[in-house]
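Visitor: I'm new here and I like to know the reasons behind the labels. Could you walk me through them?

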Amino acid sequence: TFGSFAKIYDRVTGQVVFQTNRPVGGLSVANTRFAWIDQWNQDFQVYDQTGKLLMPTRAFVKNAWLSDTFIAYKTDSTLYLMGRNQKMFQSENAIGAEVLLSNDLAVLKLQNNVIQVYGPDRLLFTRVNMKPTLTPNYLALSDSTGIDLFRKDGSFAGHFQSGSKVQFATQVVSIEQAGGVVLLISPSQGFNPQT
């Protein structure tokens with residue numbers, strides 16, 4: 001919890017891999033690494049699963065996100081995004097910026113409603129005025145005209161016109177059209193709606 005001390009345990013052995021000696025202002029755990037923000041001085045540190053520091057400490061960090069591939073963190077004024085091997089992709093104005101991460105994709109929604117989608121090694125594409133939904137298996141970008149679906153590697157899976165009700169799950173997108181017809185779309189298997 002915010003303001004408390006934290007311990008990170010090995011998922012297999014149950015042994016303590018790391019413990020903080022100061023109160024935590026933020027904590028994030030992925031499969032292969034973890035990160036924490038020191039509540040007192042706002043230092044941000046990232047470690048591998050054995051407790052080895054992976055990159056230099058960043059100062060004055062207010063918020064951070066972590067997956068097995070991406071690291072994103074905000075200071076008062078700037079949002080930073082790093083990809084595979086801590087390659088710095090982007091630094092943007094942090095005001096109003098939102099971050100979504102999976103192990104395969106990073107999505108930044110910036111102040112001017114620009115959506116930037118990154119793969120582990122590069123910017124994949126940019127869109128504007130769309131609402132992103134990211135799961136471990138797909139990305140959906142929606143607006144009033146419908147939904148663009150992308151596979152977890154960022155490749156385009158298909159476009160679907162607006163339906164009456166849309167529900168996003170981890171594996172599939174469910175679209176209930178007028179008249180009660182429900183389509184289940186799995187972007188990872190291509191654009192083959194099932195009713």
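Visitor: How much space lies in the largest pocket?

Guide: About 200 Å³, in what is a predicted model. Tyr9, Asp10, Arg11, Asn31 and Gln49 are the closest to the pocket's centre, out of 13 lining residues. Strands β1 (7-9) and β4 (33-38) each supply at least two residues of that lining.

Visitor: Why is Asp38 called buried?

Guide: Its relative accessible area is 4%, and buried means under 20%, so Asp38 earns the word.

Visitor: What makes Arg22 and Asp38 a salt bridge?

Guide: Their side chains meet at 2.4 Å, N to O. The cut-off is within 4 Å, so the pair counts. Arg22 sits in the loop between β2 (16-19) and β3 (24-29), while Asp38 is in strand β4, 16 residues apart.

Visitor: And how do you know that Lys62 and Asp76 form one too?

Guide: Here the N to O distance is 3.6 Å, and the limit is 4 Å, so this pair passes as well.

Visitor: Why is Asp76 exposed but Lys62 partly exposed?

Guide: Asp76 has 62% relative accessibility, and exposed means over 50%, so the label fits. Lys62 has 41%, which falls between the 20% and 50% cut-offs, so it is partly exposed.

Visitor: What about Arg84 and Asp121: what makes them a salt bridge?

Guide: Their side chains come to 2.9 Å, N to O, which is within 4 Å, so they qualify. These two are 37 residues apart. That pair is one of three salt bridges in the structure.

Key. Residues are numbered from 1 along each chain as its sequence is written. This is a predicted model: local features need pLDDT of at least 70, side-chain atom pairs count only at pLDDT 80 or more; totals for chains, interfaces and linings use all residues. Side-chain values use heavy atoms; hydrogens and water are left out. On a 1 Å grid over the protein atoms alone, a cavity is a set of points where a 1.4 Å probe fits but cannot get out, and a pocket is an open set with protein on both sides within 12 Å along at least five of seven lines; lining residues have an atom within 4 Å of a point. Grid points are joined across faces, edges and corners, and a volume is the space filled by probe spheres set on the points. Helices (H or I, at least four residues) and strands (E, at least two) are DSSP runs, numbered from the N terminus. Buried means under 20% relative accessible area, exposed over 50%, partly exposed in between (1.4 Å probe, protein chains only).
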